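User: I should like to learn how to read packing features in a structural model. Could we take them one at a time, with the general idea before the particular case?

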Amino acid sequence: MTKRVLLYGAVLGIVVVSLFPFFWMVVTSLKPDADIFTKTPEFLPTSPIFDRYLHLFDGPVPRQFLNSVLVAGATTLITGVIALLAGYALARYKIPLRRYLLIVILSIQMLPQTVLVIPLFVVLRNTDLLGTYQGLILSHLALTVGLATYMLRSFYLDIPVELEESAMVDGASRLKAVRLVVFPLVWPGLAASSIYGFITSWNELMFSATYMQQSERETLPVALQQYFSSYYSDWGGVMAASVIFTIPVVVFFLLVQKRLMQGMVAGAVKG
């Protein structure tokens, strides 16, 4: 009984610590400016205001929200397809210099994002993709495909090759064996890489601020910068926009968490 109480207490403590920043974000967005900067923090607003949220929907935020959904969704989809195929090739085929190729993939992921800004700018300008959704999606792929491929390769290595060989012995082609046997087993890895790709694209600021030169094509991270100036920072507006900014990430995680949990349970009972 004592162990159970301690376990539940520890779980409750972790949940409170994890959710408190989100609670504080929502509370701050509802506080008047005078209550935000009080010496003693107030955990509940005395007179909540909703004008900030109404102001958000009256301004350019809905358009910027749709832009972020479009770019992050397309980036996640393309990243998943490329990583699904490239991860299988790196796990199953004896590609020349495969080890060095993997090292290059990881090395690129360790480069600062600022290193890629100018080369990608030149590429997008020469291909007339500067300021377009397609160009921004391609620049985001440079941040997501490498690590997603490496993640899925690890999942493929955990799937016994004998499963494919058995299907091929029964008359299935390699493509059919991969599609019917391997891909269903790698769903948890695809879910994990999709979460990574979506969050990376959704939060990306530098490429979006540099390449999207028209205000109607800006994404939400760029829009958050309008609340800061050299003389004043609208923290209430930032928190209200951040609440809207966080909702799609939570929704996307809830959509894929079933597949992710299935993989964790399968791994726990494997063997």
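**Aromatic pairs and burial**

Analyst: Phe-198 has a relative accessibility of 7% in this predicted model, so Phe-198 counts as buried, the limit being under 20%.

User: How is a pair of aromatic rings described?

Analyst: A pair of aromatic rings is characterised by the distance of the centres and the angle of the planes. In this structure, a search of the whole model finds ten aromatic pairs. In one of them, the ring centres of Tyr-88 and Tyr-156 are 5.4 Å apart and the planes stand at 80°, so this pair is edge-to-face. Tyr-88 belongs to helix H4 and Tyr-156 to helix H7, so the pair ties together parts 68 residues apart in sequence. Tyr-88 and Tyr-156 are both buried. Phe-198 and Phe-252, by contrast, form a stacked pair, with 4.5 Å centre to centre and 10° between the planes.

User: Which helices hold Phe-198 and Phe-252, and how far apart are the two in sequence?

Analyst: Phe-198 is in helix H10 and Phe-252 in helix H13 (residues 235-268), 54 residues apart, and the pair links distant parts of the chain. Phe-252 has 18% relative accessibility and therefore also counts as buried. Ring pairs join Phe-198 and Phe-252 with Phe-65, Trp-202 and Phe-245 in a cluster.

User: How is empty space located, and what is the volume of the largest cavity?

Analyst: Rolling a probe the size of a water molecule over the atoms reveals where empty space is left. Here the count comes to one cavity of 30 Å³ or more, and the largest cavity has a volume of about 30 Å³. Its lining consists of Ser-68, Val-71, Ala-72, His-140, Ser-201, Trp-202, Thr-219 and Pro-221. Helix H4 (61-92) and helix H10 (187-203) each supply at least two lining residues, and H4 gives the most, with three. By class, the lining has four nonpolar, four polar and no charged residues.

User: Is Ser-139 buried or exposed, and which residues does Ser-139 touch?

Analyst: Ser-139, in helix H7 (residues 133-157), has a relative accessibility of 1% and therefore counts as buried. Leaving out residues up to four places away in sequence, Ser-139 touches Leu-120, Phe-207 and Tyr-211.

User: Where does Thr-132 lie, and what surrounds Thr-132?

Analyst: Thr-132 is placed in the loop between helix H6 (113-126) and H7. Its relative accessible area is 15%, so Thr-132 is buried. A polar atom of the Thr-132 side chain lies 3.1 Å from the backbone nitrogen of Gly-135. Beyond its neighbours within four places in sequence, Thr-132 is in contact with Met-212 and Arg-217.

How values were computed:
Residues numbered from 1 in each chain as written. Predicted model: local features only at pLDDT ≥ 70, side-chain atom pairs only at ≥ 80, totals over all residues. Heavy atoms only, no water. Helix = DSSP H or I, 4+ residues; strand = E, 2+ residues; numbered from the N terminus. Buried < 20%, exposed > 50% of the residue type's maximum accessible area, 1.4 Å probe, protein only. Contact = heavy atoms within 4.5 Å. 1 Å grid on protein atoms, 1.4 Å probe; cavity = no way out; pocket = protein on both sides within 12 Å on 5 of 7 lines; lining within 4 Å. Points joined across faces, edges and corners; volume = space filled by probe spheres on them. Nonpolar A, V, L, I, M, F, W, Y, C, P; charged D, E, K, R; others polar. Polar contact = N/O pair within 3.5 Å; in protein donor to acceptor, adjacent residues only side chain to side chain. Phe/Tyr/Trp six-rings, centres within 6.5 Å; stacked < 30°, edge-to-face > 60°.
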